[in-house]
Amino acid sequence: MTLAYDASGTGPAVVLLHSGVCDRRMWDPQVPALVGAGYRVVRCDFRGHGETPVADRPYSDAADVAELLEHLGVERAAFVASSYGGEVALDVAATRPDSVTALALLCSAMPGHAPSAELRAFAEREGALFTADDLEGAVELNVRTWVGPEATDEARSQVRRMQRQAFELQWTAEHSSTPRAELDLARITAPSLTVSGAHDLPDFQQIAQALAAQLPAAHHMELPWAGHLPSLERPTETTALLIRFLQQASTGA
């Protein structure tokens with residue numbers, strides 16, 4: 001199996017996809033509650049994150065996830081995804097619509113989104129820090145940018161650890177994901193929840209609204225307290241929101 005993963009619980013499958021600054025440990029607060037609510041929970045590390053090494057050839061994160069689910073015998077699953085993980089979930093849902101039962105997208109990225117000046121400035125600053133071999137500075141820039149004001153010091157430390165490990169894994173990587181063909185979001189059939197944070201960069205607020213307008217049976221919710229990583233910033237509240245959505249999606253409510 002390509003991806004490091006863990007699976008626990010029994011019942012309908014829920015797949016947790018992490019953000020680009022984290023790895024599957026970002027879902028530590030959610031896993032026990034989802035298992036307790038009667039779900040089989042699967043989470044994985046994308047290539048170059050957590051316990052999954054960088055790729056040695058071109059690859060697709062969505063294809064990796066599909067391969068993992070086939071390996072586990074999971075034919076249909078709900079997806080809960082954060083940031084870049086949301087883009088991967090959209091890819092899976094658009095290319096394999098019958099396999100996705102629900103989509104909960106937390107501050108999701110979206111293929112084809114034109115970055116704002118603020119997001120471009122972040123990328124330029126991060127790139128300058130890499131050029132200067134200032135890995136610590138790049139880590140701290142990401143923590144400041146992506147962790148919202150409600151996060152605890154422990155949550156910030158956890159993001160710092162995950163981001164630093166990802167940077168260390170990716171520092172000398174030569175291979176990246178393959179270019180993705182344009183996705184037809186109209187092929188997505190799953191009920192969807194798009195969540196944005198009031199303290200996040202405007203890009204992700206715009207994406208959440210745009211996805212809610214495009215996806216079927218979609219609902220947008222903005223969290224007034226949240227930055228970019230609500231599942232870490234207020235884990236109990238976010239977990240309750242996710243379980244409520246998954247239960248409603250399964251009953252068609």
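Biologist: What does helix α2 lie across, and at what angle to β3?

Modeller: Helix α2 (residues 61-72) lies across β1, β2, β3 and β4, running at about 140° to β3 (40-44). The angle is between N-to-C directions, on a scale from 0 to 180 degrees, with axes fitted to C-alpha atoms, for helices over the stretch in contact. Helices here are DSSP runs of H or I with at least four residues, strands runs of E with at least two, numbered from the N terminus. Mind you, this is a predicted model, where local features need pLDDT of at least 70, side-chain atom pairs count only at 80 or more, and totals for chains, interfaces and linings use all residues. Residues are numbered from 1 along each chain, and side-chain values use heavy atoms, leaving out hydrogens and water.

Biologist: What makes β1 and β7 edge strands?

Modeller: Strands pair if DSSP finds at least two bridges between them. β1 (5-8) and β7 (218-223) each pair on one side only, in an open, mixed sheet ordered β1-β3-β2-β4-β5-β6-β7.

Biologist: Why is C44 called buried?

Modeller: Buried means under 20% relative accessible area (exposed is over 50%, partly exposed in between; 1.4 Å probe, protein chains only). C44 has 1%, so the label fits. C107, at 0%, is therefore buried too.

Biologist: How do you know that C107 is not bonded to C22?

Modeller: A disulfide needs two cysteine sulfur atoms within 2.5 Å. The closest cysteine sulfur to that of C107, in C22, is 12 Å away, so that's too far for a bond. Searching the whole structure turns up zero disulfides. C44 is in none either, its nearest cysteine sulfur, that of C22, being 14 Å away.

Key. Contact means heavy atoms within 4.5 Å.
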